[in-house]
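Here is an informal walk through one model, with the sequence and the coordinates side by side. Have both open as you read.

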Amino acid sequence: MFNFGYTFIWTAINLFVLFLILRKILFKPVTEFMEKRANSIRESLENAEKRQHEADELYKMYEEQLAKAKEQAESIIAEARQRAEREYKRIIEEAHAEADKIINNSVQAIEKERLQMMKEVKNQIASLAISAASKIIEANMDTENNRRIIDKFLEKEGAA
C-alpha cells in the first residue's frame, strides 16, 4: 500500500511540475497569442466601426451636398426662366412701342397727305372759281350779280 501512495505522490508531483512547465512554455504563449489575436480582432472591429461611421458621415454630407446642388440647379433654372420672361416681355413691349410708332407715323403721314390734298382741292376750287368768275365777267358786267354767283359757287364748292 505504501507503494501505491508513493506512486500517487510522485505522479502528483510530476503532474504539478508538468503543469508548471506546460504553463510556462505552452499555456502562457498560447494565452498571450490568444489575447493578442483577440485585441487585434477587437481593434479591427473598432476600426471597421469607425470607418463605417465615417462612411455614414460622408454619405450624409454627400446627400446634403446633392440636395444643395439640386436646390441651386432649381434656383438657377427658375432665375433663367424669370430672366427669359422679362426679356420676352421687354421684346413684346418694344415691338408694341415700335408698332405704335409706325401707326402714329402712318396716321401723321395720312393726315399730312389729307391736308395736302385738301390744299390742292382748295387751289383747284379757287382756280375754278376764278375761271367761272372770269367767264361771268365776260358774259355779264353786272358786279352785284357776279358777286352773288361767286359767293354761291364758293359756298357750294367750299362745302364739298
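What follows goes through the helices, the salt bridges, an aromatic pair and a charged patch.

Keep in mind from the start that this is a predicted model.

**Two helices and two distances**

Let's begin with helix H1, which covers residues 2-139. Ala109 sits in helix H1, and it makes a handy marker for the spread of the chain. How far apart in space are Ala109 and Thr11, C-alpha to C-alpha? The answer is 139 Å, for a sequence separation of 98 residues. As for its surroundings, Ala109 has a relative accessibility of 37%, so it counts as partly exposed.

Helix H2 takes in residues 143-159, and Leu154 is part of it. From the C-alpha of Leu154 to that of Ile103 the distance is 36 Å, with their positions 51 residues apart in sequence. Is Leu154 buried or exposed? Neither label fits: partly exposed means between the 20% and 50% limits, and Leu154 has a relative accessible area of 38%, so it falls in that class.

**Salt bridges**

How many salt bridges does the structure hold? There are three, and they are set out here with their closest N to O distances.

| Salt bridge | N to O distance |
|---|---|
| Arg90 and Glu87 | 2.2 Å |
| Glu94 and Arg90 | 2.3 Å |
| Arg114 and Glu111 | 2.7 Å |

Take Arg90 and its partners to begin with. Arg90 and Glu87 are both in helix H1, three residues apart, or about one turn of the helix. Glu94 and Arg90 are in helix H1 too, and because they are four residues apart, about one helical turn separates them. On the accessibility side, Arg90 is partly exposed because its relative accessibility is 36%. Glu87 comes out at 35% and so also counts as partly exposed. Glu94, with a relative accessible area of 44%, is partly exposed as well.

Now for Arg114 and Glu111. Why are these two about one helical turn apart? Because they are three residues apart in helix H1. Arg114 has 42% relative accessibility, so it is classed as partly exposed, and Glu111 is partly exposed with a relative accessible area of 34%. Which residues end up joined in one network through shared salt-bridge partners? Glu87, Arg90 and Glu94 do. Arg90 is the residue to look at here, as it pairs with Glu87 and also with Glu94.

**The aromatic pair**

Next come the rings. The count of aromatic pairs is one. It is made by Tyr6 and Trp10, whose ring centres are 6.4 Å apart with 80° between the planes. Why is this arrangement called edge-to-face? Because planes over 60 degrees apart get that label, and the angle for Tyr6 and Trp10 is 80°. The spacing along the chain is easy to follow too: Tyr6 and Trp10 are four residues apart in helix H1, so about one helical turn lies between them. Tyr6 has a relative accessible area of 45% and is therefore partly exposed. Trp10 is likewise partly exposed, with a relative accessible area of 45%.

**A negative patch**

Last stop, the surface charges. Which residues gather in a patch of negative charge? Asp56, Glu57, Glu63 and Glu64 do, and the patch is on the surface. One of them, Glu63, has its place in helix H1. A residue needs over 30% relative accessible area to join a patch, and Glu63 has 32% relative accessibility, so it also counts as partly exposed.

Key: Residues are numbered from 1 along each chain as its sequence is written. This is a predicted model: local features need pLDDT of at least 70, side-chain atom pairs count only at pLDDT 80 or more; totals for chains, interfaces and linings use all residues. Side-chain values use heavy atoms; hydrogens and water are left out. Patches are made of residues with over 30% relative accessible area and no salt bridge: like charges are joined within 9 Å, nonpolar side chains (Val, Leu, Ile, Met, Phe, Trp, Tyr) within 5 Å. Accessible areas come from the Shrake-Rupley method with a 1.4 Å probe; for residues, only the protein chains shown count as cover. A salt bridge is a side-chain nitrogen of Lys or Arg within 4 Å of a carboxyl oxygen of Asp or Glu. Lys and Arg count as positive and Asp and Glu as negative; His and the chain ends are not counted. The place of a charge is taken as NZ of Lys, CZ of Arg, CG of Asp or CD of Glu. Buried means under 20% relative accessible area, exposed over 50%, partly exposed in between (1.4 Å probe, protein chains only). Rings of Phe, Tyr and Trp (its six-membered ring) pair if their centres lie within 6.5 Å; planes under 30 degrees apart count as stacked, over 60 as edge-to-face and the rest as tilted.
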